[in-house]
Amino acid sequence: MRFRFCWDIDCPDWLLAEIATLSKLSSVKLRLLAAAVAKSCYGPALSYDVVTKLANDAKLGESQAHAVVAAIRWVLESAAGAVVAAGVLDSELQQLGLPKEHAAALTKVYSDHHHELLRRLHDTSLKVGGDISWSCKVVGVSVGGNQKAAVQLSLQGGQPPTGPPTTLTLTPAQLHALIHELTEARQLMESVH
């Protein structure tokens with residue numbers, strides 16, 4: 001099943017496994033923990049004293065507490081990045097098996113911090129200012145002891161260019177896959193406009 005907050009793909013297996021752990025917390029403690037995690041996404045680092053206290057109250061081990069934090073962070077950042085409405089997130093979390101009160105608590109935190117999460121994601125996104133210069137050449141690479149042809153792409157952006165160029169070396173199969181995926185992405189973007 002595809003979920004909007006998972007960027008319209010299946011929910012990762014590790015997140016499904018953590019839904020049961022999230023359910024061990026009370027909905028109030030989940031909301032408090034989620035609020036702390038949300039603030040740490042765009043503000044100061046998360047205080048693990050808060051995490052430890054809430055985890056001890058729910059009788060979670062240290063590894064479970066870290067997994068819960070990772071799950072909450074992933075849900076919040078993924079939902080913000082995919083620009084999911086709060087109602088959709090609430091519904092999808094319940095479909096994954098999170099109790100209604102827990103889903104509502106997580107969704108409330110998402111709603112409260114949505115704009116800050118979006119701003120942080122925008123500020124930390126990969127972007128290149130100005131014109132992009134690129135070059136490509138065929139090179140030989142060693143794969144399993146055999147010399148094979150590959151394509152090396154070099155990209156550099158900004159005016160004036162800053163730092164070394166980003167270099168990618170792709171096998172012919174990888175290059176074909178990249179072209180196919182970029183073509184699909186372009187078609188998807190054109191269909192939205």
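This is a guided tour of a predicted model, stop by stop, with something to select at each one.

**Before you start**

Residues are numbered from 1 along each chain as its sequence is written. In this predicted model, local features need pLDDT of at least 70, side-chain atom pairs count only at pLDDT 80 or more, and totals for chains, interfaces and linings use all residues, while side-chain values use heavy atoms, with hydrogens and water left out.

**Stop 1: colour by confidence**

Start by colouring on pLDDT, the predictor's confidence in each residue, from 0 to 100. The protein has a mean of 88, and 91% of its residues reach 70 or more. Among the elements, helix H5 (residues 86-95) has the highest mean pLDDT, 97, and strand S3 (residues 132-143) the lowest, 78. Element names follow DSSP runs numbered from the N terminus: helices are H or I of at least four residues, strands are E of at least two.

**Stop 2: H1 and H4**

Now select helix H1 (residues 13-24) together with helix H4 (residues 62-81). Their axes come within 9 Å and cross at roughly 110 degrees; axes here are lines fitted to C-alpha atoms, for helices over the stretch in contact, and angles run from 0 to 180 degrees between N-to-C directions. H1 and H4 are therefore roughly perpendicular to each other (65 to 115 degrees; under 35 counts as roughly parallel, over 145 as roughly antiparallel, and the rest as oblique). The crossing is left-handed, meaning that the near helix is turned anticlockwise from the far one by less than a right angle; clockwise would be right-handed.

Show side chains next. On the H1 side, the contact (heavy atoms within 4.5 Å) is made by Trp14, Leu15, Glu18, Thr21, Leu22 and Lys24. H4 brings Gln64, Ala67, Val68, Ala70, Ala71, Ile72, Trp74 and Val75. By class, that gives ten nonpolar, two polar and two charged residues. Here Ala, Val, Leu, Ile, Met, Phe, Trp, Tyr, Cys and Pro count as nonpolar, Asp, Glu, Lys and Arg as charged, and the others, Gly among them, as polar.

Which residues of H1 are buried? They are Leu15, Glu18, Ile19, Thr21 and Leu22, where buried means under 20% relative accessible area, exposed over 50% and partly exposed in between (1.4 Å probe, protein chains only). What covers these buried residues includes H2, H4 and helix H6 (100-124).

**Stop 3: Thr21, Gln64 and Lys59**

Zoom in on Thr21 in helix H1. With a relative accessible area of 9%, Thr21 is buried. Apart from neighbours within four places in sequence, Thr21 is in contact with Leu60, Gln64 and Val68.

Step across to Gln64, in helix H4. Is Gln64 buried or partly exposed? Gln64 is partly exposed, at a relative accessible area of 25%. Leaving aside neighbours within four places in sequence, its contacts are Thr21, Lys24 and Lys59. For a distance check, pick Glu101: its C-alpha is 21 Å from that of Gln64, with the two positions 37 residues apart in sequence numbering.

Then select Lys59, in the loop between H3 and H4. Lys59 counts as exposed, at 73% relative accessibility. Its phi is near 60 degrees, a positive value in a residue other than glycine.

Another backbone to look at is Trp7, in the loop between strand S1 (2-3) and strand S2 (9-10). Trp7 is not a glycine, yet has a positive phi of about 65 degrees.

**Stop 4: H2 and H3**

Select helix H2 (residues 27-42) and helix H3 (residues 48-57), which pack at about 160 degrees with their axes 10 Å apart. H2 and H3 are therefore roughly antiparallel to each other, and their crossing is left-handed. Lys29, Leu32, Leu33 and Ala36 of H2 make the contact with Val50, Val51, Leu54 and Asp57 of H3. The classes are six nonpolar, no polar and two charged residues.

**Stop 5: H4 and H6**

Keep H4 on screen and add H6: the two pack at an angle of about 65 degrees, with axes 9 Å apart, in a right-handed crossing. From H4, select Ile72, Val75, Leu76, Glu77, Ala79, Ala80 and Gly81. They meet Leu106, Val109, Tyr110, His114, Leu117, Leu118 and Leu121 in H6. These residues divide into eleven nonpolar, two polar and one charged.

**Last stop: Ser154**

Finish at Ser154, in strand S4 (residues 146-157). Ser154 counts as buried at 18% relative accessibility. Not counting residues up to four places away in sequence, Ser154 touches Ser133, Trp134, Ser135, Pro165, Thr166 and Thr167.
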